[in-house]
Amino acid sequence: MSKNDDNKPISAKKFMQELRRYEKGSVTRRHFLGVTGLGTAMAVMGTAVPSLWSGKANAFGEVGDRLVFSTWPNYWNQVNLDEFTEMTGVQIQINAFGSNEEMLAKLQAGGTGWDVFVPTNYTISNYVELDLIQELDLSRIPNYQASAHNPKFADPATVDGKVYCVPKNWGTTGFIVNSKEVKSGPKSWKDFFDVTMGAASGHSIVHDYQLTTIGGALCALGYSFNSVDAKELGEAEALLIKAKPHLFAITSDYQPGMRSGDAWLSICWNGDGTQLKNDMPEMEYVIASDGGEIWSDFYAIPKDAPHQEAAYAFLNYMQDPYVQARDAAVHGYAPTDARAIALQPDSLGSDPILHPALDLMNGLEFGAAQTLTDPIRAEVMARFKSA
Amino acid sequence: MTMRIYAIAVFLFLYVPIGIIVLFSFNAGRHASELRGLSVQWYGKALSNAFVGDAFFTSLTIALSVAVLSSLMGTTAALALQRMKGKMRVLFDGLIYVSVMVPGIVIGIATLVALVTVFDFLNPLLAALWPEGIKPPKLSMGYASVIAAHTLFTMSLVIILVRARIAGMDRALIEASMDLYATPWRTFYQVTLPQIYPAILAGFLLSFTFSFDDFIISFFVAGANTTLPIYIFASIRRGITPEVNAIGTMVLAASLFLLMATQFLLRNKKNRGTSE
Amino acid sequence: MKEDSQSNRWLTAALLAPTSLWFLVMLIFPLIVILVFSFGERAAVGGYAGGFTFEQYANLPSRLKAFQNTMIIAPAGTLLCLLVAYPLAYFLAVKVSRQYKLILLVLVIVPFWTSLLVRTYAWIFILGGRGIPTLLEFIGFEGVRLINTQGAVLVGIVYGYLPLMVFPLFVSLEKLDKTLLEASSDLGGSPFKTFLQVTLPLSMPGIATGCMLVFILLMGEFLIPAFLGGGKVFFIGNALVDLFLQSRNWPFGAAVSVTLVAIMLITVSLYMRLTMGGKSGRDQSLM
């Protein structure tokens, strides 16, 4: 199903323009589908995957009418979801989570009712080990093209030769600064904590989960982002507890605080950085010079997903390059799929926040699987929060 | 005069946030924090959202079951306890006391941990015992666990309410009825029940309200089911839209309507009672 | 006669059977499981692993701040609720004429029927940067921060539980015999003296009931500090959710739960002994 190969209907730029118009509601869906060629694409797909596109007519027998999707805050394009609903008759419920730990806890307790969720690279081997996600039947995801994905980001999906997830986006974790309020231009995690405890006291946010918050503190102290060394973690805990009275909040949903002006700096994922900067030019996203995280996210189906058919249909839909590009146009995060990147407008493809210079990323680390289950990191985070 | 100003201030304190909720439910914009013109689109969205409907009916089913179960069991238990003395009575008093005292969050967690442990033990057993070819049942959290966990607290609430009512009841009436050789059932039906009825009704309504609004217990034991508060919690976390305000406003309007309807019916009944 | 009491006993047992079953399955059993788990160890990937250790209880001091926060803010919130609610309840019970009484009382309870979640969310907006602080800037107070403070949590508490406090107070004040008040003032008692010597003692049952209701709910509170405290004002409830949903440390969570239940039983029993003593008071107090 490489439909963009046989007829690339319009230029990427034009596509994005039309998309913007469609999002704003100034053109109709029919117009949009016609102009962009998506209509033809769908017709082609319709013949290729009849069970999917004829879904609405026999929705109840084929893909059902519900899908529960667990993901991260500000990480989807409602237009995509609405279109999926329109095409298949499947309504989507979104649960936004603040951390991989929380997702894991829910899945471990069982009976989540989730059909699709979005794990981050370092968690997948844990999920496989705990028998919580299923191996994917790739023949049911024809839009997925393994070779199109950057292996650097896509590899964690494969465990012991079996594929458990399909890639979504990749990004970095740094911090965001409101440059109107913080003039000193912090560049490193050390600066981040200094400013937090100094000029920006009371206006700083850290994430509500261990990996990035503890990781940031570790980097500030000159240690590895992924350290599980008890002594190093002890120092990180001391730093965090010292900074705590100066924090505005401990939350992974930091956009509202940054937007309202209550918070001036926050640990931040790069796509959220672009979302904020788009609306408030004074926001600066910083990849810390002393380290940080590089990550990739995936779509996965839990073992006990109640709506398997809908889950596969959704995965397939979301792997469509056009859909990926449209997704990224809203949340900013770069796709791992070369086909989708080709469709992105230049402004996104060359955005320094989304596609940072390689040397900037030298110091970044992928989260290590060990951090997710490490008892000391979990306890350090919990003690910091209740301190 | 000062008292009146104070009362007005407190009512303002109570109603300004509610006014804001209602106002923003008519927001034309996407964000719950900025008002951009007025529209009723979020009501349409909420009403046509299958998940909101699901959540509402889940909550309604659970709350009704809880209210019925608690008033039945609570009332029978209160009547039985009335006839009891000695150690058993002390034991039950203690249990009622503890079940009201234990915070909801602990009930939620304890139930989750206990049930998950039992299910992990029973499910393989069931699968092994089940005849081949038929899919074995799989025990999991759901309606039953939420209803059971809510009922623990609300049942004790009903017992307390009904018992207080019985304590204030006119014993002479019951004795008179017995003296007239009425059967115990008849005595209960014609003498006791009419007297404790208001307490049962109050218990029913309290149980319903508690269950319908509960978040923390359901959060732990609802399994794959989404109650309305769980849905709202999830909405707030994924960036609130005025849809949540619309849902809140509709629930408020519905309860106001029910309240006025009950009031109206009761008054009508009373009026008829006095005119006869 | 003997037969009669025999059948009576059967009837009593039958009437109590469902309730007993409930207590057994939904109260005693889970509490025993939690107690057993609290002596276990955290499994490598999180969850529970068997064992017998006091490690979890030894680790309790690491949550001292959460316990302190709860044990300070819960009583403080209860007291604040009482202080705000009492004059209102008094006004409703004594000063308002009969025809408006009911409607005003209903108006106090109505907010209770909107989801606590939604009501608390409204306060995020009111106390947040674009709410009251912006208003304050207009009149010259800059840089005031309200959200994510203990004060914000207290406001949320008073707001959330005020109706629950007003109701029992109203009931006890309503019973107050107005002739007593008149007698007191006829005898030359000042209004303040009348209040201290007549009104207050007579409304004691309502105060006791309202305070206990609110206190019990506050000790297990999670939502209000989570929303208005920004993860910085941490109650035991928040620590518990964290232990089960983030660190997945079930045994330690169990130990914290057991400790919370123990604290509740001790404080509330003491409280009841102090405020009412007799057993008859117990039923009333829980109403």
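**Group meeting: chains A, B and C**

Okay, let's start in the middle of chain A, with two strands that run alongside each other. E11(A) and strand E13, residues 364–366 of chain A, pair in the parallel sense over three bridges. If you want one pair to click on, Glu293(A) has Glu365(A) in E13(A) as its bridge partner. Before I go on, a reminder that this is a predicted model.

E11(A) has another neighbour as well. E6(A) pairs with E11(A) in the antiparallel sense, over seven bridges. There, Val166(A) is bridged to Tyr299(A) of E11(A).

So, how many of the residues of strand E11 of chain A are buried? Nine of the nine, over residues 292–300, so the strand is largely enclosed by the rest of the structure. Look at the two faces: Gly292(A), Ile294(A), Ser296(A), Phe298(A) and Ala300(A) point one way, while Glu293(A), Trp295(A), Asp297(A) and Tyr299(A) point the other, and all are buried. Yes, that list has Glu293(A) and Asp297(A) in it, both of them buried.

There's a similar story at E2(A). Strand E2 covers residues 91–96 of chain A, and six of the six are buried, so that strand too is largely enclosed by the rest of the structure. Gln91(A), Gln93(A) and Asn95(A) go to one side of E2(A), with Ile92(A), Ile94(A) and Ala96(A) on the other, and all are buried. Its partner is strand E1, residues 66–71 of chain A, and E1 and E2(A) pair in the parallel sense over six bridges. In that pairing, Leu67(A) has Ile92(A) of E2(A) as its bridge partner.

Let's zoom out to chain A as a whole. We have 21 helices and 13 strands, and 56% of the 387 residues of chain A count as buried. Take the contacts in chain A between residues at least 6 apart in sequence: 78% of them join residues at least 24 apart.

How far should we trust it? The average pLDDT for chain A is 86, and 84% of the residues score at least 70. Two stretches need a warning. Over residues 1–9 of chain A, pLDDT stays under 50, and the model has 12 contacts beyond four places in sequence for them. The other is residues 42–61 of chain A, again with pLDDT under 50 throughout, and there the model has 27 such contacts.

Now domains. Chain A is split into domain 1, which is 3–170 + 296–349, and domain 2, which is 171–294 + 357–386. Between them, 19 residues of domain 1 of chain A are in contact with 18 residues of domain 2 of chain A. On the domain 1 side, helix H8 (100–109), helix H9 (124–129) and strand E6 (165–178) of chain A each supply at least two residues. H8(A) has the largest share of that side, with three residues. By class, the domain 1 side divides into six nonpolar, 12 polar and one charged.

On to the neighbours. Chain A meets chain C with 28 residues from each chain. On the chain A side, H8, strand E8 (247–250) and helix H21 (375–386) give two or more residues. Which element gives the most to that side? H21(A), with eight residues. The chain A side has 12 nonpolar, nine polar and seven charged residues.

Then chain B against chain C. Here the contact takes 60 residues from chain B and 61 residues from chain C. Several helices of chain B give two or more residues to it, including H1 (2–25), H3 (50–82), H5 (104–129) and H10 (228–237). The chain B side divides into 47 nonpolar, 10 polar and three charged residues.

Have a look at H10(B) while you're there. Eight of its 10 residues are buried, so the helix is largely enclosed by the rest of the structure. Among the buried ones are Leu228(B), Tyr231(B), Phe233(B) and Ile236(B).

One more residue to find is Val113(B). Leaving out residues up to four places away in sequence, it touches Val33(C), Ile34(C), Phe37(C), Trp250(C) and Ala254(C). The largest nonpolar core has 269 residues, and Val113(B) is one of those that touch the most other members, along with Val116(A), Leu265(A), Phe314(A), Ala85(C), Ala89(C) and Val166(C).

Last, chain C itself. The domain assignment gives domain 1 as 1–32 and domain 2 as 38–286, with their C-alpha centres 34 Å apart. That's it from me.

How values were computed. Residues are numbered from 1 along each chain as its sequence is written. Chains are lettered from A and ligands numbered from 1 in the order in which they are written. This is a predicted model: local features need pLDDT of at least 70, side-chain atom pairs count only at pLDDT 80 or more; totals for chains, interfaces and linings use all residues. Domain bounds come from an automatic or database domain assignment. Two residues are in contact if their C-beta atoms, placed from the backbone, lie within 7 Å. Helices (H or I, at least four residues) and strands (E, at least two) are DSSP runs, numbered from the N terminus. Ala, Val, Leu, Ile, Met, Phe, Trp, Tyr, Cys and Pro count as nonpolar, Asp, Glu, Lys and Arg as charged, and the others, Gly among them, as polar. A residue is buried if 20 or more other C-beta atoms lie within 10 Å of its own, exposed if 12 or fewer, and partly exposed in between; C-beta atoms are placed from the backbone. pLDDT is the predictor's confidence in each residue, from 0 to 100. A nonpolar core is a set of buried Ala, Val, Leu, Ile, Met, Phe, Trp, Tyr and Cys residues joined through C-beta atoms within 7 Å. Two strands pair if DSSP finds at least two bridges between them.
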